[in-house]
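Open the model in your viewer and keep the sequence panel beside it. Each stop below says what to select and what is there.

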Amino acid sequence: MKKLILLIIAFALTTFNAQSKKENINLKNETTMTKKVLIIVSNANAIGPNNRRTGTFLPEVAHPYAEFSKANYQIDFASLTGDTPYLDALNLASDPDNLSFLTGKGWETMQKAVKLSTVDVSKYDAIFIPGGLAPMVDMPENALLKKTIKETYERNAVVGAVCHGPVSLLNVKLSNGSYLVNGKNITSFTDEEERGYAIADVPFLLETALTKQGAKFHAATNWSAHSIADGNLVTGQNPASAKGVAEKMIIILESSK
């Protein structure tokens, strides 16, 4: 009888220890959950009176994707319509991060981008909008995108955009009725850069439009790497700035742990 009691006690202790270890593992997993980034891309593939072919500019999505991946973040893609998005600048595929994006999981995942209206964006720690000329077509007035950016910004999650991507920030009004960009230190593809790139194709100049809504615009030398963080809003000037935008977003995200 005594042996039976000892066996029962030993079994109970073993079960308790196993359960405790399981709970500790679960707790550890919960406390080390990765940050989540939603990359929102355009669905446009042509722009302007001459139907210039366009899409998301490859390094502007590939370079941030590489940085978010190094940080072990969960990266998901959404587009405005849910249709397969397009890529531009495939001639830059030899760049290591661009090549890795194209041949790895990046492009494969981007092709399966879900429709933005089906995403619970509140579950993400950050959203990022890459450029290319495409966002100039379908992002200036998209109501859902404006709502998504407003709500993300106001809950203190991180909002990032690069090059023509900051066109997504236009016409975003906060709960107090002011434009999101009003009084903010930001940058984007500059008017001067546009005049030497796609002035005949774009419907308006992005720097001018952002400034009209009150942005404190900062321009660096044409095509140089230049990114700015103002609170939880991060913007970059051109393709060379994409990595810097992601790096600044990561700094903000890591500081919030």
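The tour starts with the whole chain and then moves from element to element.

**Whole chain**

Keep in mind that this is a predicted model. Show the cartoon first: the protein has 9 helices and 13 strands. Colour by burial next. Of the 257 residues, 47% are buried. Now think about range in sequence. Among contacts between residues at least 6 apart in sequence, 75% join residues at least 24 apart.

**Stop 1: strand β1**

Select I39, which sits in strand β1. Is I39 buried or exposed? Its relative accessibility is 0%, so I39 counts as buried. Add F128 to the selection. I39 and F128 are 89 residues apart along the chain, yet their C-alpha atoms are separated by 4.8 Å. Then display the contacts of I39 beyond four places in sequence: V61, I75, D76, F77, A78, F128 and P130.

**Stop 2: helix α6**

Select residues 143-154, which form helix α6. From first C-alpha to last, the 12 residues of α6 reach 16 Å, close to the 16 Å expected at 1.5 Å a residue. Show side chains for L145, K146, T148, I149, T152 and Y153, the buried residues of α6. Why do they share a side of the helix? They cover an arc of only 160° around the axis, which puts them on the same side of α6. The general rule is that an α-helix has 3.6 residues a turn, so residues three or four places apart point the same way.

Bring in the cover over this buried side. It includes β1 (36-41), β8 (126-129), β9 (158-162) and β13 (233-236).

Now check both ends of the helix. At the start of α6, a side-chain oxygen of N142 comes to within 3.3 Å of the backbone nitrogen of L144. Just after α6, N156 has a positive phi of about 70°.

**Stop 3: the loop into α9**

Select S241 in the loop between β13 and α9. With 1% relative accessibility, S241 counts as buried. Leaving out residues up to four places away in sequence, S241 touches V162, S224, A225, H226, S227 and G236.

**Stop 4: helix α9**

Step on to α9, residues 242-255. The 14 residues of α9 should span 20 Å at 1.5 Å a residue, and the end C-alpha atoms are 20 Å apart, which agrees. Pick out A242, G244, V245, A246, M249, I250 and L253, which are buried in α9. Their cover includes α2, β8, β9, β12 (227-230) and β13.

**Stop 5: α2 against α9**

Add α2, residues 58-70. At what angle do α2 and α9 pack? The angle is about 35°, and the axes are 8 Å apart. The crossing is right-handed. To see the interface, show P59, E60, H63, P64, E67 and F68 from α2. Opposite them, show A242, K243, A246, E247, M249 and I250 from α9.

**Stop 6: two positive phi angles in loops**

Most residues other than glycine have a negative phi. Select A89, in the loop between β6 (87-88) and α3 (96-103). A89 is not a glycine, but its phi is positive, about 70°. At 5% relative accessibility, A89 counts as buried.

Finish at N171, in the loop between β9 and β10 (185-186). The phi of N171 is also positive, near 65°. Here the relative accessibility is 26%, so N171 counts as partly exposed.

Terms used. Residues are numbered from 1 along each chain as its sequence is written. This is a predicted model: local features need pLDDT of at least 70, side-chain atom pairs count only at pLDDT 80 or more; totals for chains, interfaces and linings use all residues. Side-chain values use heavy atoms; hydrogens and water are left out. Helices (H or I, at least four residues) and strands (E, at least two) are DSSP runs, numbered from the N terminus. The expected span of a helix is 1.5 Å times one less than its number of residues. Buried means under 20% relative accessible area, exposed over 50%, partly exposed in between (1.4 Å probe, protein chains only). The arc is that of the directions from the helix axis to the C-beta atoms. Contact means heavy atoms within 4.5 Å. A polar contact is a pair of N or O atoms within 3.5 Å; within protein, one must be able to donate a hydrogen and the other to accept it, and residues adjacent in sequence count only if both atoms are side-chain atoms. Axes are lines fitted to C-alpha atoms, for helices over the stretch in contact, and angles run from 0 to 180 degrees between N-to-C directions. A crossing is left-handed if the near helix is turned anticlockwise from the far one by less than a right angle, and right-handed if clockwise.
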